[in-house]
Amino acid sequence: QVQLVESGGGLVQAGSSLRLSCLLSMHPFSINVMGWFRQAPGKEREFVARLARVGGSTTYADSVKGRFTISSDPPKNMFYLQMNSLKPEDTAVYYCAAALHDPPREYDYWGQGTQVTVSS
């Protein structure tokens, strides 16, 4: 069973940056897609970004394109979400997720979430 643990959330002002981290409990060799999702109060969970392990292709939601960057550090079993130029509408609980298949039919493993709050 793969476990994911997020860290790096917090309270920041608009325009600031944060880097979220996700630690996998095992080497990501069996994971083919790493992703980030978020859920704002009263809203459904939405896709933010994904990274394919093979080839390294990335995909972003339009709302974060150009501001957020997803990356990984396989020797450390880690992947990241660098968030720049944060806006109040980025406020949400952020979840990292991992999928065994590319493209994912579903994400197989999820972290517990980390709160990001952006004040105006």
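Among contacts in the chain between residues at least 6 apart in sequence, what percentage join residues at least 24 apart? In this predicted model, the figure is 56%.

**View 1. The whole chain is built from strands, with 0 helices and 11 strands.** Following the sequence from start to end, you meet the pattern β-β-β-β-β-β-β-β-β-β-β. The C-alpha atoms fit a box of roughly 40 × 30 × 25 Å along the principal axes. A compact globule of 120 residues would have a radius of gyration near 14 Å, so the chain's 13 Å agrees with that expectation. Of the 120 residues, 43% count as buried.

**View 2. The largest nonpolar core holds 30 residues.** Look here for Leu4, Trp36, Leu81, Met83 and Tyr94, which touch the most other members. Two or more residues each come from β3 (18-24), β4 (33-39), β5 (46-52), β7 (68-73), β8 (78-83), β9 (92-99) and β11 (114-119). A second, separate core has 5 residues, including Phe37, Ala97, Ala99 and Tyr107. In soluble globular proteins, nonpolar side chains tend to be buried together.

**View 3. A close look at Leu81 and its contacts.** Leaving aside residues up to four places away in sequence, Leu81 touches Leu18, Arg19, Leu20, Trp36, Val48, Ala49, Phe68, Thr69, Ile70 and Tyr94. Of these partners, Trp36 and Tyr94 are also among the core members with the most contacts to other members.

**View 4. The largest pocket has a volume of about 150 Å³.** Around the pocket you will find Arg38, Gln39, Ala40, Lys43, Glu44, Glu46, Ser63, Arg67, Glu89, Asp90, Thr91 and Ala92. By class, this lining counts 7 charged, 3 polar and 2 nonpolar residues.

Definitions and conventions
Residues are numbered from 1 along each chain as its sequence is written. This is a predicted model: local features need pLDDT of at least 70, side-chain atom pairs count only at pLDDT 80 or more; totals for chains, interfaces and linings use all residues. Side-chain values use heavy atoms; hydrogens and water are left out. A nonpolar core is a set of buried Ala, Val, Leu, Ile, Met, Phe, Trp, Tyr and Cys residues joined through side-chain atoms within 4.5 Å. Buried means under 20% relative accessible area, exposed over 50%, partly exposed in between (1.4 Å probe, protein chains only). Helices (H or I, at least four residues) and strands (E, at least two) are DSSP runs, numbered from the N terminus. Contact means heavy atoms within 4.5 Å. On a 1 Å grid over the protein atoms alone, a cavity is a set of points where a 1.4 Å probe fits but cannot get out, and a pocket is an open set with protein on both sides within 12 Å along at least five of seven lines; lining residues have an atom within 4 Å of a point. Grid points are joined across faces, edges and corners, and a volume is the space filled by probe spheres set on the points. Ala, Val, Leu, Ile, Met, Phe, Trp, Tyr, Cys and Pro count as nonpolar, Asp, Glu, Lys and Arg as charged, and the others, Gly among them, as polar. The radius of gyration is taken over C-alpha atoms; the globule rule is 2.2 Å times the number of residues to the power 0.38.
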